[in-house]
Amino acid sequence: MSERAVGRHLCDAFHLVPPGTDAAFAPTMLDIARAEKVDVLLPQSSFDLENLAHHRESFLPAVVLVSTRATVQACNDKAECYERLRQIGVRAPDSHRVRGAAGVEQAAHELGYPERAVCFKPTISSGSRGYRVLDGTVDRAHALLNERPGFVSMRLEEALELLPAVDGPELLVMELALGPERTIDGIADGTRVVLGHPKTREEMRAGLGMYFVTLDDPALVDVATSIVAGFAIEHFFNIQLVGDVVIEINPRISTIVYQENLNLPYLGVKRALGEISDDKLAALTSLVRPGRTALRYFDQLEWDDVS
């Protein structure tokens, strides 16, 4: 969406496109796919998924690595997602779907505030946008003077001052899940996990995980299998847990811990091209190395203006 996107300096071709939620996004991508003779389209942002899912048949014979529109909607709408998780027997946060300050206040108290911290976020969001923790013990003066601008904890009273009284965007007020964070990435076929990769999720920065350690965690794979079948997830997925509570299902690729002999994005593309079968892909599970670690940070690119 920007001329200054760093990816343009890393890729063979570059095109400006509208936002993923814009009605013109999918037709624009289709034009690009045809012009560039694209075989596989690999979306990376949650905001692009629903639009592409709605038009994925239009891209044939190119394959769009996205689930159906119904699956994407069920995963991206947190309220619907949590309800379906409960239906399939997977632990989700206790939550209330509300609008406006009055709804947030009532839901927060029903969930135990101020004795218990709770949290809220828009029902449809990505990358921790709009996520806030409501904590009655927050020292506002200390937060003002000592915390970074991305500090997400606040008192309920502060949130109520900012929200419209009874209207506004739909929000999900929920219990604050506690415990170690884990995720499982993988490739699915709509009914099962073909290849799964469990890992920790640590060292958060701006809502994004920055440190990961690969796990040997069959129970986490079992949870992912139930979710893949219950939501009919195809292609890439990322499932996040805090403790034993599933807090997020991303029907797309996310941060990967790479190995020299196991590259999940590459394998997903090969699968879409018919260059590797699901059976051969599943056999690669034995290559996942517990303890393999990834640490993320910024990189930088320099060049001289030669125009």
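**Exercise 1. Helix α2 and its surroundings**

Which residues of helix α2 (residues 46–54) are buried? State also what covers them, and describe the packing of α1 against α2.

*Solution.* The structure is a predicted model.

Step 1. The buried residues of α2 are S46, D48, L49, N51, L52 and A53.

Step 2. The cover over these buried residues includes α1 (25–35), β1 (40–41), β2 (63–64), α3 and β13.

Step 3. For α1, the axis comes within 9 Å of that of α2, and the two cross at roughly 75°. The helices α1 and α2 are therefore roughly perpendicular, since angles of 65 to 115 degrees are classed in this way.

Step 4. On the α1 side the residues that meet α2 are F25, A26 and M29, and their partners in α2 are D48, N51 and L52. By class, the residues of this contact comprise four nonpolar, one polar and one charged.

**Exercise 2. The packing of α4 against α3 and α8**

Determine the geometry with which α4 packs on α3 and on α8, and identify the residues that make each contact.

*Solution.*

Step 1. The axes of α3 and α4 lie 5 Å apart, at an angle of about 95°, which means that α3 is roughly perpendicular to α4.

Step 2. This contact is made by Q73, A74, C75 and N76 from α3, together with K78, E80, C81 and R84 from α4. Sorted by class, the contact of α3 with α4 has three nonpolar, two polar and three charged residues.

Step 3. Helix α4 (residues 78–87) packs with helix α8 (residues 218–231) at an angle of about 110°, and their axes are 10 Å apart. Hence α4 is roughly perpendicular to α8. The crossing of α4 and α8 is right-handed.

Step 4. Here α4 contributes C81, R84 and L85, while α8 contributes I227, G230 and F231. The contact of α4 with α8 divides into four nonpolar residues, one polar and one charged.

Step 5. A reading of the two lists shows C81 and R84 in the contact with α3 and in the contact with α8.

**Exercise 3. The largest nonpolar core**

How many residues has the largest nonpolar core, and which of them have the most contacts inside it? Relate the answer to the surroundings of I249.

*Solution.*

Step 1. The largest nonpolar core has 26 residues. Those with the most contacts inside it are L85, I227, F231, F237, I239 and I249.

Step 2. Two or more residues each are given to this core by α3 (69–76), α4, β7 (170–175), β8 (181–189), α8, β12 (234–242) and β13 (245–250). The largest share, five residues, comes from α8.

Step 3. In soluble globular proteins, nonpolar side chains tend to be buried together.

Step 4. With neighbours within four places in sequence left aside, I249 is in contact with C75, C81, L85, I227, F231, I233, N238 and I239. Among these partners, C81, L85, I227 and F231 also belong to the contact between α4 and α8.

**Exercise 4. Backbone conformations to be examined**

Locate the cis peptide bonds at P61 and P114, and the positive phi values at A232 and H235.

*Solution.*

Step 1. Most residues other than glycine have a negative phi, and most peptide bonds are trans.

Step 2. The bond from L60 to P61 is cis, with omega near 10°; P61 lies in the loop between α2 and β2. A cis bond also joins Y113 and P114, with omega about 10°. P114 lies in the loop between α5 (100–110) and β4.

Step 3. A232, although not a glycine, has a positive phi of about 55°. A232 is found in the loop between α8 and β12. H235, likewise a residue other than glycine, has a positive phi near 65° and is placed in strand β12.

Step 4. With a relative accessible area of 33%, A232 is partly exposed. H235, at 13%, is buried, because the limit for burial is under 20%.

**Exercise 5. The environment of Y131**

Where is Y131 found, and with which residues is Y131 in contact?

*Solution.*

Step 1. Y131 is found in the loop between β4 (118–122) and β5 (132–134).

Step 2. The relative accessible area of Y131 is 21%, so Y131 is partly exposed.

Step 3. Apart from neighbours within four places in sequence, the contacts of Y131 are C119, F120, K121, V152 and L176.

Step 4. The C-alpha atoms of Y131 and A282 are separated by 36 Å, the two residues being 151 residues apart along the chain.

Technical notes: Residues numbered from 1 in each chain as written. Predicted model: local features only at pLDDT ≥ 70, side-chain atom pairs only at ≥ 80, totals over all residues. Heavy atoms only, no water. Axes fitted to C-alpha atoms, helices over the stretch in contact; angles between N-to-C directions. Helix = DSSP H or I, 4+ residues; strand = E, 2+ residues; numbered from the N terminus. Parallel < 35°, antiparallel > 145°, perpendicular 65-115°, else oblique. Left-handed = near helix turned anticlockwise from the far one by under 90°. Contact = heavy atoms within 4.5 Å. Nonpolar A, V, L, I, M, F, W, Y, C, P; charged D, E, K, R; others polar. Core = buried A, V, L, I, M, F, W, Y, C linked by side-chain atoms within 4.5 Å. Buried < 20%, exposed > 50% of the residue type's maximum accessible area, 1.4 Å probe, protein only.
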